[in-house]
Amino acid sequence: MIEVDKLNFTYPGVPRPVLAGISVCFQAGGITALIGPNGCGKTTLSKLLVGLLRPDSGTIRIDGEDIAGLSLFQIGSRIGYLWQNPNRQLFAPTVEQEIGFGLANRGVTAEEIAADTEYWLDFFHLSHKKGALPLRLSLGEKQRLALGAVLALRPPYLVLDEPTGGLDRRCRRELGQLLRRLAEEQGCGILVVSHEKEFIRQYADREVELL
Amino acid sequence: MKLAAIDARVKLLLLALLSTLALTMKQPAALAALLVLTMVALLFGGVAPVKIWRQTRMILSLIGLLFLLQCLFDRGGEPLLIIGGLTIVTGGGLQAGLVVGLRLLIVVASALLALTGETRDYLLALRWLHLPWEVCYMVQAALRFIPLLRQEAQDTAAAQQMRGCDLKNASWRQRARLYITMLVPITVGALQRAEAMSISMEARAFRSRPGRTSWRRLQMKRDDWLYGLGFVFVLVIIFFVFK
């Protein structure tokens, strides 16, 4: 469970806090949708949850452990994070290496990396692009690749910021079904930041609205 | 006197003089004097010590590495450190290391001095030097992109860590490999952004007419003259003292 307690955050040089006194819990084994109007702090909250931003006050705990004392590397082993802009998280020279990057760091054998990479490339319909430079892909392809790179690590929690951005109807449906399987079969706790009401209505168990 | 209020042309002149002197002078004492002068100008000119430290901190490891390399590989002068009959550091090596380190610090400090104030004033200062409008605009746009590029580099480093890179405990070799990996997305991203920006600008009639007028005018005031002449006077003294 990810617990957020009395969280306050203000960006430097901005007079008003983006988040003030936020307390919420995100359960393992379910999909929670984080919704709200533009600029209400959804992306800020998602970045705070994974330690990309540090709160002014308040605590965030993952399975009881305060993330204030954890490095990004340690948080990354528990939470997979999808950036709102996929360009920010693609850095490998090829699509194939992008998926395998995290697996190689975790000490997975070359055979398993090859098998996993093939599975995720196939799942996200990117097999024909496996030798391409990730930053040269279309927006939808980049989004699918970024999702594949995060999901390949099978973290116990996922925080996905606008995961359906740039995806066509078929890819959205496949992603929704996959997220449901991860939540139900593997007990993965998933937080989806999204504006897409149809996707949320179809796949989320709970909605948290920021005002 | 606040540096932000000084005319951009004065600051560009000081930047050019400081950089030229830093590259031509070879004595550590002369370079130290230049650095002290620039730091005094920054601190009394309203630049927060925290900001100076943040900017300098980023290149401290590079300065340390270059200092070490110069110390180890420059063999001139008297031996200063001998271990097991092998000369490790010589007087010439130590001096070369100090010179490189001080030069880099002067470049950073003088850049901080020049970056006070508004970027549009630098655009006007470059126009005053009769540079083409397109070139001036490109310089201004490049300056605006610097914080964005830094944010991208930070995000990429964060993404690498979240996907299993333990940067804190990584060896120098692993770190170097990761930093090289980061160059690819940052360079490609910058090129893509530049391309998109140029198309967007052309689509909105950039260069449709030759030249461009500006409501804002640069005006040299008495304080600008005093500050510029005073600074140049001190630079001349340093030059002749250490010539």
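This briefing covers the interface of chain B and chain A, the strand pairing in chain A, and the makeup of chain B.

The model is predicted: local features need pLDDT of at least 70, side-chain atom pairs count only at pLDDT 80 or more, and totals for chains, interfaces and linings use all residues. Residues are numbered from 1 along each chain as its sequence is written, chains are lettered from A and ligands numbered from 1 in the order in which they are written, and side-chain values use heavy atoms, with hydrogens and water left out.

**Interface of chain B and chain A**

- On the chain B side, 20 residues are in contact with 25 residues of chain A, where contact means heavy atoms within 4.5 Å.
- The size of an interface is often given as the accessible area lost when the parts come together.
- Here the buried area is about 2100 Å², and carbon and sulfur atoms give 63% of that; buried area is the accessible area (1.4 Å probe) that two parts lose on being put together, summed over both.
- B:D155, B:M162 and B:R163 lose the most area to chain A within chain B, together 39% of what that side buries.
- The rule finds two salt bridges across this interface, a salt bridge being a side-chain nitrogen of Lys or Arg within 4 Å of a carboxyl oxygen of Asp or Glu.
- A:R88 and B:D155 form a salt bridge through their side chains, at 2.5 Å from N to O.
- Five residue pairs, both at pLDDT 80 or more, are in polar contact across the interface. A polar contact is a pair of N or O atoms within 3.5 Å; within protein, one must be able to donate a hydrogen and the other to accept it, and residues adjacent in sequence count only if both atoms are side-chain atoms.
- Two elements of chain B, α6 (133-162) and α7 (172-203), give two or more residues each to the side that touches chain A; helices (H or I, at least four residues) and strands (E, at least two) are DSSP runs, numbered from the N terminus.
- α6(B) supplies the largest share of that side, with nine residues.
- By type, the chain B side has eight nonpolar, seven polar and five charged residues. Ala, Val, Leu, Ile, Met, Phe, Trp, Tyr, Cys and Pro count as nonpolar, Asp, Glu, Lys and Arg as charged, and the others, Gly among them, as polar.

**Strand pairing in chain A**

- β1 (residues 2-9) and β2 (residues 19-26) of chain A pair antiparallel over five bridges, and A:V4 is opposite A:V24 in β2(A); two strands pair if DSSP finds at least two bridges between them.
- β1(A) is also joined by five bridges to β4 (residues 57-62) of chain A, in the antiparallel sense, with A:D5 partnered by A:T59 in β4(A).
- An open sheet of five strands in chain A has the order β6-β7-β8-β3-β9, with parallel pairing.
- Its edge strands are β6 (79-82) and β9 (206-209) of chain A, each pairing on one side only.
- β7 (residues 157-161) and β8 (residues 189-193) of chain A run parallel and share five bridges; A:V159 has A:L191 as its bridge partner in β8(A).

**Chain B**

- Chain B has eight helices and two strands, in the sequence pattern α-α-α-β-β-α-α-α-α-α.
- β1 (residues 79-83) and β2 (residues 86-90) of chain B pair antiparallel over four bridges, with B:I82 opposite B:T87 in β2(B).
- The hairpin of β1(B) and β2(B) has two residues between the strands, and B:G84 takes a positive phi near 60°.
- The C-alpha atoms of chain B fill a box of roughly 70 × 55 × 30 Å along the principal axes.
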